[in-house]
Amino acid sequence: MSRRSGVLEFAVLGLLHDAPMHGYELRKRLNVLLGSFRAFSYGTLYPCLKSLVAQGFLVEDNPDVEYVPATALNGKRSKIVYRLSPEGKERFEELLADSGPDAWEDEHFGVHFAFFGQTDRAVRMRVLEGRRSRLEERLERMRNSLARARERFDDYTVELQRHGLESVEREVRWLNELIETERANRTGRTGPAAGGPGTAVPEKTSDGRGQEAGSPDPPGPPYDRPGRSAQER
């Protein structure tokens with residue numbers, strides 16, 4: 001199974017774990033979950049649904065009603081509603097528990113993160129730390145590449161590479177915050193957001209406004225990931 005189809009399978013099973021849906025509604029939810037940059041066509045989604053049905057992970061309700069794509073003229077939508085079978089629920093739980101290297105990649109991390117609310121804390125930590133490790137490796141390569149680019153390329157090419165570097169740096173800062181929050185919750189410590197002992201004391205800036213010392217730039221989406229692409233945000 002390709003990485004893209006694996007991501008789609010995980011996302012479909014996760015959404016249907018919440019409630020049964022027909023294909024049109026499922027497609028809309030997928031576009032919200034995965035982002036418009038990963039917009040899925042019917043040609044991509046329906047083969048995946050049929051495959052999951054064939055594997056016994058999904059069950060079709062009203063399967064004898066022929067699907068008619070929605071159009072401005074006929075206003076019709078699929079009458080087939082998809083729901084998880086017991087085997088499908090087990091498959092989703094299996095994917096949810098996966099914290100290996102694939103879960104750290106641009107292709108999969110965003111979907112894993114979308115279902116973190118249903119994920120065991122230990123698995124969340126392994127995925128977050130693995131993702132951070134993977135991005136730190138990427139940062140090292142990008143910094144080396146940027147240093148070489150300054151000698152070989154024009155200013156615009158260098159600026160483009162610098163923009164990419166800063167995007168990854170933002171995601172690393174965001175991951176650091178998430179990991180610290182997970183650790184604080186695990187040990188029962190009060191995190192900064194709760195206003196407890198760990199809360200940063202604002203310092204006064206030159207214009208008199210309060211700003212947390214060492215406060216990082218606001219993080220971008222889990223996917224500054226192009227891959228986040230269909231494979232990094």
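# Exercises on a Predicted Protein Model

In this predicted model, the backbone nitrogen of Tyr156 lies 3.0 Å from a polar atom of the side chain of Asp154. The exercises below start from this contact and then move to the wider structure.

## Exercise 1. The surroundings of Asp154

Determine where Asp154 is found and which backbone nitrogen its side chain reaches at 2.9 Å.

*Solution.*

Step 1. Asp154 belongs to the loop between α6 and α7, the latter helix covering residues 155-187.

Step 2. The relative accessible area of Asp154 is 46%. Buried residues lie under 20% and exposed ones over 50%, so Asp154 is classed as partly exposed.

Step 3. Besides the contact with Tyr156, the side chain of Asp154 reaches the backbone nitrogen of Thr157 at 2.9 Å.

## Exercise 2. Helix α6

Compare the span of helix α6 with its expected value, and describe the contact at its start.

*Solution.*

Step 1. Helix α6 comprises residues 121-152, 32 residues in total.

Step 2. From the first C-alpha to the last, α6 reaches 46 Å, close to the 46 Å expected at 1.5 Å a residue.

Step 3. At the start of α6, the backbone nitrogen of Ala122 has a side-chain oxygen of Asp120 within 3.0 Å.

## Exercise 3. The three-stranded sheet

State the strand order of the open sheet, and explain why β1 and β2 each have one side without a neighbour.

*Solution.*

Step 1. The three strands are ordered β1-β3-β2, and their pairing is antiparallel.

Step 2. β1 (21-22) and β2 (58-61) occupy the edges; each has a single partner strand, so one side of each is left without a neighbour in the sheet.

Step 3. β1 is joined to β3 by two bridges, with Met21 standing opposite Tyr82 in β3.

Step 4. β2 and β3 pair over four bridges, also in the antiparallel sense. In this pairing, Glu60 has Tyr82 in β3 as its bridge partner, and Leu58 stands opposite Leu84.

Step 5. The faces of the strands can now be assigned. In β2, Leu58 and Glu60 form the covered face, whereas Val59 and Asp61 form the uncovered one. In β3, Tyr82 and Leu84 are on the covered face, and Val81 and Arg83 on the uncovered one.

## Exercise 4. The nonpolar cores

Identify the elements that contribute to the largest nonpolar core, and name the contacts of Leu26.

*Solution.*

Step 1. The largest nonpolar core has 27 residues, and those with the most contacts inside it are Val12, Leu13, Leu16, Leu26, Leu30, Leu49 and Leu58.

Step 2. Two or more residues of this core come from each of α1 (3-18), α2 (23-34), α3 (42-54), β3 (81-84) and α4 (86-96). The largest share, eight residues, is that of α1.

Step 3. Leaving aside residues up to four places away in sequence, Leu26 touches Val12, Leu15, Leu16, Met21, Leu45 and Leu49.

Step 4. Another core lies apart from the largest one; it has 19 residues, including Val123, Leu139, Leu146 and Val172.

Step 5. As a general point, nonpolar side chains in soluble globular proteins tend to be buried together.

## Exercise 5. Helix α5 and His112

Decide whether helix α5 is largely enclosed or largely open, and list the contacts of His112.

*Solution.*

Step 1. Helix α5 covers residues 106-114, and seven of its nine residues are buried, so the helix is largely enclosed by the rest of the structure.

Step 2. The buried residues are Asp106, Glu107, His108, Phe109, Gly110, Val111 and His112.

Step 3. His112 has a relative accessibility of 5% and therefore counts as buried.

Step 4. Not counting residues up to four places away in sequence, His112 touches Phe10, Leu95, Asp98 and Ala103.

## Exercise 6. The whole protein and its confidence

Summarise the secondary structure and burial of the protein, and locate stretches where pLDDT stays under 50.

*Solution.*

Step 1. The protein has eight helices and five strands, which follow the pattern α-β-α-α-β-β-α-α-α-α-β-β-α along the sequence.

Step 2. Of its 233 residues, 37% count as buried.

Step 3. Among contacts between residues at least 6 apart in sequence, 63% join residues at least 24 apart.

Step 4. The average pLDDT is 76, and 67% of the residues score at least 70.

Step 5. pLDDT stays under 50 over residues 70-74, for which the model has six contacts beyond four places in sequence. The score also stays under 50 over residues 190-233, where the model has 89 such contacts.

Methods: Residues are numbered from 1 along each chain as its sequence is written. This is a predicted model: local features need pLDDT of at least 70, side-chain atom pairs count only at pLDDT 80 or more; totals for chains, interfaces and linings use all residues. Side-chain values use heavy atoms; hydrogens and water are left out. A nonpolar core is a set of buried Ala, Val, Leu, Ile, Met, Phe, Trp, Tyr and Cys residues joined through side-chain atoms within 4.5 Å. Buried means under 20% relative accessible area, exposed over 50%, partly exposed in between (1.4 Å probe, protein chains only). Contact means heavy atoms within 4.5 Å. Two strands pair if DSSP finds at least two bridges between them. The expected span of a helix is 1.5 Å times one less than its number of residues. A polar contact is a pair of N or O atoms within 3.5 Å; within protein, one must be able to donate a hydrogen and the other to accept it, and residues adjacent in sequence count only if both atoms are side-chain atoms. pLDDT is the predictor's confidence in each residue, from 0 to 100.
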